[in-house]
Amino acid sequence: MTSTATLLFEQILNGLQLGVMLFLIASGLTLVLGIMNLLNLTHAAYYTFAAYVGVTAYGLTGWFLAAVAAAIASTVILAAATDLLVMRYLYDRDHLTQLLATFGLLLFFNEAITMLWGNGAMQMARPQWLAGSINLLPELSYPAYRLAITIVGLAVAFLLHYANHHTLLGMQIRAGTSNKTMLAALGVPVHRLYTAVFCVGAALAALAGMMVAPLISVDVGMGDSILILCLVVITIGGVGSVRGAFVAALLVGLVDTLGRTFLPQTFGFTLGPALSSMSVYVFMAVTLLLRPEGLFSAHQ
Amino acid sequence: MDSPVHARMGACVLALWLTTSASYAQDAVKIGFLTTLSGPQAELGKRHLEGFQLGLEMKGGKLGNLPVDLTIADDKLAPEVGVEQVRKLVDSDKVNFVTGVVFANVTMAASKPLAQSKTLFINSFAGPSPLAGSSCDPYFFGAGFQGDSTYEAMGKYMSEQKEIKSAFVLAPNYQGGRDAITGFKRYFKGDVKGEIYTKINQPDYSGEIAQIRAAKPDAIFFLYPGSMGISFVRQFADAKLGIPMYSGFSVEELTVNAMGAAANGAYSSAVYNDDLDNAANRAFAEAYQKKFGRRPSIYAALGFDAVTIIEAAVKASKGNLSDVESMRAGLRAAKFDLVRGPMHFNTNQFPIQNFYLVQATAGDGGMRMKTIRPIFTPHKDAYAPECKMQ
């Protein structure tokens, strides 16, 4: 296998990994937007918060799965609390009000995290059983932890798909996305459903934040940098569609990773970086031009 | 009924306060410390200020027998906020010196109003290249270092190593990142096998690491300050490519413990390290450790040095702080023994000083940076010939 082919293969793996991370965060965002018509920027704070809790819990217990559980559980509690105390009052407001309120809450959470954990970056080791590398190709040994992230992400995507199509909750969520007035008229407790969706979304963001924590430097800015990409994902995928978010997340992950590698090689060091940082937005613009509702719109 | 009495009393107190503060102002050195104290980079500004305040404290709060009146301002890492704060420092606080700015974009913006008001700007950290070259300015002293110098030092060191015939270079895609690579390439004579500029605050570098793997360079050189560096170094070490890491301002006192074992053995170039063996640094490092319970970073050290430099200007004025020209002349002629080592100003009012090779080393109580040897003794920046100032 030539080295270019090896590079391409490795970049596709990297792109998939970025894609599944984006999917975990974006799926919650798109569900909440689809069913409750709520644009929730605070979602990024759940991702950050989970990473901080995970790092702390792993430091205390030394047990990776316990850290994952602690991160998800505490984030779900936080999400339920914000839903009951704040989000409830925003459901019927227009998007601009929601944007301002949830952005304000995001700033509030970021500052609260700084007060609790301090300004410096935190870091966490990968668990021993995932610390090695796997020889995928003769020339390529790939970190096991990155492969694990991709596999977990794909498994969660499959579970979500299954739950969405084969459980009562999934059916109610899909019904709510299409027509929530009718759903309420049929006697489904819509507010309870909202809280459930909100918590599931936060749990997925928490899983993403926790899994990425051993790879990156955990700091308050980590959620903000990925939030914009997630908004791109839900725009491309179609609001409210989990399937759309999945396809769009993988596409955005691949476009971003491959663009970062091959655009500078083609266009040089001056134009290349500018083009590669634009690539996902160009991709979004083209998608919207061809399909203004996104790839898989959940609304009729 | 008694409100007019109160009002008169209030006026008297106010008048008294105004006269005392005005008379106080005449015999005090007024310093405006403008730095980044909020936002994600606030830690750097805080450390810089800690060093400066420790310096003042160790001089007994006086410079050249005059008490110091310190005003602290936050630039929020925004050039427009920096300019606003500088105007306030000059117009209402009537400061004699402005110092403390850590980020070059704020420095550039702040230098203009200070030059117009002929207020001395003792730029205590990285100095941007325009101010060292064609736009040099009589009231601006680049008392920290010219921005390219750290990377030039690493370029020189790597060129001298026989086993390094090629390098792969990476930096964030902003002016500072591009300047770093320009400075590095000015001295690095080997083959640059790849050059990548990444998005600012990019959290994941797997795509870049794959390209390094494919290019098979003898070494990598990068500039990734703060949390970008922590992410990059940890991910690079995880990939186990066996390629040595060289950097400037990335693997350093403030980040090396967060990088942990991933940084072990990584080389860095720096104008200061806490183990430098000179009298000024021994006294400073000990006092800093005692006061804050940790080793001083370059931010603290350069803040401390700014006090020594301002003191020299005050002494040159012989107590007349409105005599800006004699303060300038004094600084241009001075030979300093700073905690970073000997330093004097070049014709462009930027330092001629040493740069050192440092290495991340595991020790008891975690990682630390150790000085290996000097690289430049001393170094001048490349822009001085473009400066036509007298």
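Visitor: What is the volume of the second largest pocket, and what makes a residue part of its lining?

Guide: In this predicted model, the second largest pocket has a volume of about 410 Å³. A residue counts as lining if it has an atom within 4 Å of a grid point of the pocket, and 21 residues line this one, with A:Asn164, A:His165, A:Ser241, A:Val242 and A:Arg243 lying nearest its centre.

Visitor: Which helices supply the lining of the second largest pocket, and which gives the most?

Guide: Helix H1 (3–36), helix H5 (144–166), helix H6 (168–178) and helix H10 (242–290) of chain A each supply at least two residues, and H5(A) gives the most, with six residues. Sorted by class, the lining has ten nonpolar, nine polar and two charged residues.

Visitor: Why are strand S1 and strand S2 of chain A said to pair?

Guide: Pairing requires at least two bridges between the strands. Four bridges join S1 (residues 133–137) of chain A to S2 (residues 140–143) of chain A, so the requirement is met, and the two strands run antiparallel. Among the partners, A:Asn135 stands opposite A:Ser141, while A:Ser133 has A:Pro143 as its bridge partner; a hairpin of two residues joins S1(A) to S2(A).

Visitor: What makes B:Arg213 and A:Glu10 a salt bridge?

Guide: The rule asks for a side-chain nitrogen of Lys or Arg within 4 Å of a carboxyl oxygen of Asp or Glu. The side chains of B:Arg213 and A:Glu10 meet at 2.9 Å, N to O, and therefore satisfy that cut-off. Across the interface of chain A and chain B, the rule finds five salt bridges.

Visitor: How do you know that residues of chain A are in contact with chain B, and how much area do the two chains bury?

Guide: Contact is a matter of heavy atoms within 4.5 Å, and by that criterion 34 residues of chain A are in contact with 32 residues of chain B. The two chains bury about 2700 Å² between them, with 44% of it on carbon and sulfur atoms. On the chain A side, A:Asn119, A:Arg260 and A:Phe269 lose the most area to chain B, together 22% of what that side buries.

Conventions
Residues numbered from 1 in each chain as written. Chains lettered and ligands numbered in written order. Predicted model: local features only at pLDDT ≥ 70, side-chain atom pairs only at ≥ 80, totals over all residues. Heavy atoms only, no water. 1 Å grid on protein atoms, 1.4 Å probe; cavity = no way out; pocket = protein on both sides within 12 Å on 5 of 7 lines; lining within 4 Å. Points joined across faces, edges and corners; volume = space filled by probe spheres on them. Nonpolar A, V, L, I, M, F, W, Y, C, P; charged D, E, K, R; others polar. Buried area = accessible area lost by both parts, 1.4 Å probe.
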